[in-house]
Amino acid sequence: METNDHELLCIESGSELVGYLWHSINGNDKSTFIYDFFIFPNCGNNGYVKLAITALESQLKSIGIEQIKLRVAYQNQRALKLYQEVDFAISGYNMSKKIVS
């Protein structure tokens with residue numbers, strides 16, 4: 001990717017690609033935002049989410065980043081549970097309103 005401060009990371013197990021993580025670092029507030037994090041369905045339930053977050057934390061800590069941010073859709077209870085298991089906390093609400101004609 002040729003966008004400043006964005007990284008697309010491949011998540012591998014041995015030589016097998018099991019998913020990816022796309023994030024963008026904001027040096028001003030020492031944070032990164034995860035835009036997309038995906039483990040392929042045939043690779044799920046093998047601990048890859050926890051391992052990938054731990055590896056990302058280690059990489060970020062080494063360059064002075066202090067916070068990881070992301071958004072979880074309200075109906076995605078599985079993702080919410082997974083992120084809470086790796087110590088993410090709910091920090092607000094995203095809201096939207098449809099404009100009807």
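Strand 2 and strand 3 form a hairpin with 4 residues between them, and Lys-30 in the turn has a positive phi of about 55 degrees. Strands here are DSSP runs of E with at least two residues, helices are runs of H or I with at least four residues, and both are numbered from the N terminus. The model is predicted, so local features need pLDDT of at least 70 and side-chain atom pairs count only at pLDDT 80 or more, while totals for chains, interfaces and linings use all residues. Residues are numbered from 1 along each chain as its sequence is written, and side-chain values use heavy atoms, with hydrogens and water left out.

**The chain as a whole**

The chain holds 2 helices and 4 strands, and from the N terminus on its elements run β-β-β-α-β-α. Its C-alpha trace spans about 50 × 35 × 30 Å along the principal axes. Of the 101 residues, 24% count as buried; buried means under 20% relative accessible area, exposed means over 50%, and partly exposed lies in between (1.4 Å probe, protein chains only). The exposed area of the chain is about 7900 Å², and carbon and sulfur atoms supply 49% of it. Accessible areas come from the Shrake-Rupley method with a 1.4 Å probe, and for residues only the protein chains shown count as cover. Among contacts with a separation of 6 or more, 38% are between residues 24 or more positions apart; contact means heavy atoms within 4.5 Å.

**The sheet**

The 4 strands form an open sheet with the order 1-2-3-4 and mixed pairing. Its edge strands are strand 1 (6-13) and strand 4 (67-70), each of which pairs on one side only. On average, neighbouring strands of this sheet are turned by 35 degrees against each other, direction ignored. Helix 1 (residues 48-61) packs on the sheet and touches strand 1, strand 2, strand 3 and strand 4; its direction makes about 155 degrees with that of strand 3. Such axes are lines fitted to C-alpha atoms, for helices over the stretch in contact, and the angles run from 0 to 180 degrees between N-to-C directions.

The pairings are listed below; two strands pair if DSSP finds at least two bridges between them.

| Strands | Bridges | Direction |
|---|---|---|
| Strand 1 and strand 2 (residues 16-26) | 8 bridges | antiparallel |
| Strand 2 and strand 3 | 8 bridges | antiparallel |
| Strand 3 and strand 4 | 4 bridges | parallel |

In the pairing of strand 1 with strand 2, Cys-10 stands opposite Tyr-20 in strand 2.

**Thr-32 and its partners**

Thr-32 lies in strand 3 (residues 31-39) and counts as buried, at 1% relative accessibility. Ile-25 stands opposite Thr-32, and in strand 4 the bridge partner of Thr-32 is Ile-68. A polar atom of the Thr-32 side chain lies 2.9 Å from the backbone oxygen of Ser-24. Leaving out residues up to four places away in sequence, Thr-32 touches His-23, Ser-24, Ile-25, Leu-60, Ile-65, Gln-67, Ile-68 and Lys-69.

Ile-68, in strand 4, is also buried, at 17% relative accessibility. With the same sequence neighbours left out, Ile-68 touches Thr-32, Ile-34, Leu-56, Glu-57, Leu-60 and Phe-88. The C-alpha atoms of Ile-68 and Met-95, 27 residues apart along the chain, are separated by 21 Å.

**Aromatic pairs**

The structure holds 6 aromatic pairs. Rings of Phe, Tyr and Trp (its six-membered ring) pair if their centres lie within 6.5 Å; planes under 30 degrees apart count as stacked, over 60 as edge-to-face and the rest as tilted. One of the pairs, Phe-33 with Tyr-35, is edge-to-face, at 5.0 Å centre to centre and 65 degrees between the planes. Phe-33 is partly exposed, with a relative accessible area of 30%, and Tyr-35 is partly exposed at 43% relative accessibility. Ring pairs also link Tyr-20, Phe-38 and Phe-40 into a cluster.

**Residues with positive phi**

Lys-30 is not a glycine, although its phi is positive. Lys-30 is found in the loop between strand 2 and strand 3 and counts as partly exposed, at 39% relative accessibility. Asp-87, not a glycine either, has a positive phi of about 75 degrees. Asp-87 is found in the segment after helix 2 (77-85) and counts as exposed, at 72% relative accessibility.

Methods
Polar contact = N/O pair within 3.5 Å; in protein donor to acceptor, adjacent residues only side chain to side chain.
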